[in-house]
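Welcome! Here are a few exercises for getting to know a new structure, each followed by a worked solution. Try each one yourself before reading on.

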Amino acid sequence: MNIEKKRENEKKMLRTMITRYCKGVHKTHGELCSECKELLEYSLFRTEKCPFMKEKTFCSACKVHCYTKEKQEKIKVVMKYAGPRMIFSHPVQAIRHMCVTIKGKIK
């Protein structure tokens, strides 16, 4: 897979999961709340600047954690909430995410 396509897929996944979390937990409709918007912007920036994009699977499996501790904890909460719910709203993305995660654990 081309590195830019991989980067865009990861950004798409972040947008989807953070939006799902914000809608479900913060009860927003349409726009993200300020907290989630800040987390999304931060996550997209970190993804854009990631020097390991070619070989990494997901940030959680990366040997270098570039997120601050606070943001790292917040994104874990978001992923834990949104991940299982993705299968119903975005089944293709959810299955692709599971495949990449499993593939990363096998290596």
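## Exercise 1: T16 and its surroundings

Locate T16, decide whether T16 is buried or exposed, and list its contacts outside its sequence neighbourhood.

**Solution.** Keep in mind that this is a predicted model.

Step 1. T16 sits in helix α1.

Step 2. The relative accessible area of T16 is 13%. Buried means under 20%, so T16 is buried.

Step 3. Set aside the neighbours within four places in sequence, and T16 is in contact with M86, H90 and Q93.

Step 4. With Q93 there is also a polar contact, side chain to side chain, at 3.2 Å.

## Exercise 2: How α1 and α2 pack

Work out how α1 and α2 are oriented relative to each other, and which residues make the contact.

**Solution.** Two packed helices are described by the angle between their axes and the distance between the axes, and we can begin there.

Step 1. The axes of α1 and α2 come within 10 Å and cross at roughly 165°.

Step 2. Angles over 145 degrees count as roughly antiparallel; α1 and α2 are therefore roughly antiparallel to each other.

Step 3. As for handedness, the crossing of α1 past α2 is right-handed.

Step 4. On the α1 side, the residues making the contact include L14, I18, Y21 and C22. On the α2 side, they include C36, L39, L40 and L44.

## Exercise 3: Two cysteines

How many disulfides are there, and how far from C22 is the nearest cysteine sulfur?

**Solution.** A disulfide is a covalent bond between the sulfur atoms of two cysteines.

Step 1. The cut-off for a disulfide is a pair of cysteine sulfur atoms within 2.5 Å.

Step 2. By this rule the count is zero.

Step 3. For C22, the nearest cysteine sulfur is that of C36, 3.6 Å away, and C22 is in no disulfide. Seen from the other end, C36 has the sulfur of C22 as its nearest, and C36 is in no disulfide either.

Step 4. Both residues are buried: C22 has a relative accessible area of 0%, and C36 has 1%.

## Exercise 4: Bringing in α3

Find out how helix α3 is placed against α1 and against α2.

**Solution.** Take one pair at a time.

Step 1. Helix α3 spans residues 69–89, and packs with α1 at an angle of about 95°, with the axes 8 Å apart. That makes α1 roughly perpendicular to α3.

Step 2. Where α1 and α3 meet, α1 contributes residues including M13, M17 and Y21, while α3 contributes residues including V78, A82 and M86. T16 is also one of the α1 residues here.

Step 3. The axes of α2 and α3 come within 11 Å and cross at roughly 110°. That makes α2 roughly perpendicular to α3.

Step 4. In this second pair, E35, E38, L39, Y42 and S43 of α2 meet K71, K74, I75 and V78 of α3.

## Exercise 5: The loop between α1 and α2

Compare K27 and T28: which is buried and which is exposed?

**Solution.** Start with where they are.

Step 1. K27 lies in the loop between α1 (3–25) and α2 (34–49), and T28 is found in that loop too.

Step 2. K27 counts as exposed, at 59% relative accessibility. T28, at 16%, counts as buried.

Step 3. The backbone of K27 has a phi near 55°, a positive value in a residue other than glycine.

Step 4. A polar atom of the T28 side chain lies 3.4 Å from the backbone oxygen of C22. Leaving aside neighbours within four places in sequence, T28 is in contact with C22, K23 and C33.

Definitions and conventions. Residues numbered from 1 in each chain as written. Predicted model: local features only at pLDDT ≥ 70, side-chain atom pairs only at ≥ 80, totals over all residues. Heavy atoms only, no water. Helix = DSSP H or I, 4+ residues; strand = E, 2+ residues; numbered from the N terminus. Buried < 20%, exposed > 50% of the residue type's maximum accessible area, 1.4 Å probe, protein only. Polar contact = N/O pair within 3.5 Å; in protein donor to acceptor, adjacent residues only side chain to side chain. Contact = heavy atoms within 4.5 Å. Axes fitted to C-alpha atoms, helices over the stretch in contact; angles between N-to-C directions. Parallel < 35°, antiparallel > 145°, perpendicular 65-115°, else oblique. Left-handed = near helix turned anticlockwise from the far one by under 90°.
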